[in-house]
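I'm opening a notebook on this one. These are my entries, in the order I looked things up.

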Amino acid sequence: MYHPYLTFRLQGVWYAVAAARVREILQLPALTPVTEAPHYVVGIVNYRGHILPVMDLGIRLGQPPQSYQIHDHVIVLEQETRLLGMIVNEVHGVQDIPTTMIEVASEYAGGRDTATRLVSHLARCDEKTIRLLDDALLLGPSMERERSVRQLASSLPMHRWASSTGPRHTSRGVAASQFARTHVLSPDATPEEHEILYERARNLMSSLEPQGSTQQVPLAIIGLSGEYFGVELETVREFTDLQRTTPVPCCPEYVVGDMNLRGDILTVVDIRKVLQMSVIAAAPTAKVIVVPMGDALVGVLVDQVFDVLDVSPSDVIAVPLALKSINDRYLKGAIPYNGKMLMILNLPEILSNGGLAVDEEV
């Protein structure tokens with residue numbers, strides 16, 4: 001049996017939370033501080049008309065404070081009518097973790113404080129250990145304190161939540177009560193980076209509540225040779241790190257090799273050729289998108305997985321003529337992303353008809 005988890009990293013450590021509790025993943029916006037909030041709640045944001053308390057997961061786990069960066073994310077968790085955001089460094093993606101690889105986190109068992117009990121289980125996958133968070137505890141009794149935050153925030157004028165009065169440059173190494181009132185980004189952040197956070201908050205405030213999850217298309221934002229592309233998550237089984245590969249005899253350069261994925265043989269290919277890009281050697285930090293193709297699994301090599309977001313089909317447009325260096329049948333459209341047009345890849349079409357067939361016969 002498999003259980004889907006959203007995996008992410010925080011201060012270099014792998015964590016995961018049940019995917020069923022995840023409503024959305026946001027890029028870190030500017031936050032409005034609430035002085036009477038719990039020490040780990042660093043602010044609130046107007047989340048499409050709802051008050052969203054945002055906590056620093058690291059602080060709640062008892063870790064020392066770290067500076068935020070422009071590429072950090074907020075994972076929005078949902079339980080019934082409760083919403084809570086938590087700041088993390090890097091979102092990896094949804095991964096199906098077998099029950100056989102999950103064990104009770106014995107070193108945390110019996111912990112009396114919330115910080116230790118938040119990590120309920122450990123999963124050992126692909127030579128890394130993932131700490132599984134107890135979503136019931138994350139969204140449980142302590143949510144009463146976050147509810148008081150929403151009550152306090154309800155007295156704030158809505159337009160103040162995305163105020164662009166300017167960034168606050170202070171060190172994060174301050175008392176917890178001061179921290180929530182003063183910190184936005186690291187002290188060396190540029191005015192342009194602060195403005196990006198304020199723009200994200202304004203966009204969240206002006207966005208309409210999605211009319212239904214069926215109208216939203218979840219996309220993973222990936223990187224290839226410095227370019228961004230979108231991949232529909234419904235075509236993806238999971239994301240994983242590139243492990244040691246075994247060369248496949250008599251195969252072209254775009255076949256990276258075979259990789260062992262928990263006992264399954266995964267042929268990893270580089271799709272840059274189809275996208276009119278030069279095939280290059282894989283970096284040590286490269287990722288693999290695992291795509292089911294019939295009875296087999298195929299791994300697609302990418303440089304990085306940056307983000308996961310929900311896109312309305314009405315936002316998807318035809319690929320602009322200036323970007324049509326790629327065969328139309330390999331693209332599903334384009335969307336605006338970070339001031340540029342991002343092309344959505346048709347992975348099944350690329351793998352089936354993009355000339356990436358693998359012939360292992362010598």
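**Ground rules.** Before hunting for aromatic pairs, I wrote down the rule: rings of Phe, Tyr and Trp (its six-membered ring) pair if their centres lie within 6.5 Å, and planes under 30 degrees apart count as stacked, over 60 as edge-to-face and the rest as tilted. I'm working on a predicted model, where local features need pLDDT of at least 70 and side-chain atom pairs count only at pLDDT 80 or more, while totals for chains, interfaces and linings use all residues. Residues are numbered from 1 along each chain as its sequence is written, and side-chain values use heavy atoms, with hydrogens and water left out.

**Entry: aromatic pairs.** How many aromatic pairs does a search of the whole structure find? I got three. In one of them, Tyr228 and Phe306 have ring centres 5.1 Å apart and planes at 55°, so I noted the pair as tilted. Tyr228 is in strand S13 (residues 227-232) and Phe306 is in strand S20, so this pair ties together parts that are 78 residues apart in sequence. For strands I use DSSP runs (E, at least two residues), numbered from the N terminus.

Tyr228 also pairs with Tyr337: the centres are 6.0 Å apart and the planes stand at 55°, so this pair is tilted. Tyr337 belongs to strand S21, so here the tie spans 109 residues in sequence. Ring pairs thus join Tyr228, Phe306 and Tyr337 into a cluster.

Next I checked accessibility in the cluster. My cut-offs are buried under 20% relative accessible area, exposed over 50%, and partly exposed in between (1.4 Å probe, protein chains only). Tyr228 comes out partly exposed at 38%, and Phe306 is partly exposed at 32%. Tyr337, at 11%, is buried.

**Entry: the sheet around that cluster.** Two strands pair if DSSP finds at least two bridges between them. By that rule I found an open, mixed sheet of five strands, in the order S20-S12-S13-S22-S21. S20 (304-311) and S21 (331-337) are the edge strands, and each pairs on one side only. On average, neighbouring strands of this sheet are turned by 30° against each other, direction ignored; the axes are lines fitted to C-alpha atoms, for helices over the stretch in contact, and angles run from 0 to 180 degrees between N-to-C directions.

S12 (residues 217-224) and S20 run antiparallel and are joined by seven bridges. I picked out one bridge: Val217 has Val311 in S20 as its partner.

**Entry: Leu219.** Leu219 sits in S12. Buried or exposed? Leu219 is buried, at 1% relative accessibility. Its C-alpha atom is 6.2 Å from that of Asp310, although the two residues are 91 apart along the chain. I then listed contacts (heavy atoms within 4.5 Å). Beyond neighbours within four places in sequence, Leu219 touches residues including Val231, Leu233, Val308, Leu309, Ile335 and Ile344.

**Entry: another sheet.** Six strands make an open sheet with mixed pairing, in the order S14-S18-S19-S17-S16-S15. S14 (238-241) and S15 (245-246) are at the edges with a single partner strand each, so one side of each has no neighbour in the sheet. S15 runs antiparallel to S16 (residues 255-261), with two bridges between them. Thr246 stands opposite Asp258 in S16.

**Entry: the start of the chain.** S1 (residues 2-10) pairs antiparallel with S8 (residues 90-98) over eight bridges, and Phe8 faces Val91 there. S1 also pairs antiparallel with S2 (residues 13-18), over six bridges, with Thr7 opposite Ala16. The hairpin of S1 and S2 has two residues between the strands, and Gln11 takes a positive phi near 50°.

**Entry: cores.** A nonpolar core here is a set of buried Ala, Val, Leu, Ile, Met, Phe, Trp, Tyr and Cys residues joined through side-chain atoms within 4.5 Å. Which residues touch the most other members of the largest one? Leu57, Met86, Ile271 and Ile289 do, out of 61 residues. Apart from this core lies another of 19 residues, among them Val42, Leu52, Ile87 and Tyr198. Back to Met86: setting aside neighbours within four places in sequence, its contacts include Phe8, Val17, Leu57 and Leu138.

**Entry: charges over rings.** I count a charge over a ring if NZ of Lys or CZ of Arg is within 6 Å of the ring centre and within 35 degrees of the ring normal. Arg60 lies over the face of Tyr40, 4.9 Å from the ring centre. Lys128 lies over the face of Trp14, at 4.9 Å from the ring centre.

Notes
Helix = DSSP H or I, 4+ residues; strand = E, 2+ residues; numbered from the N terminus.
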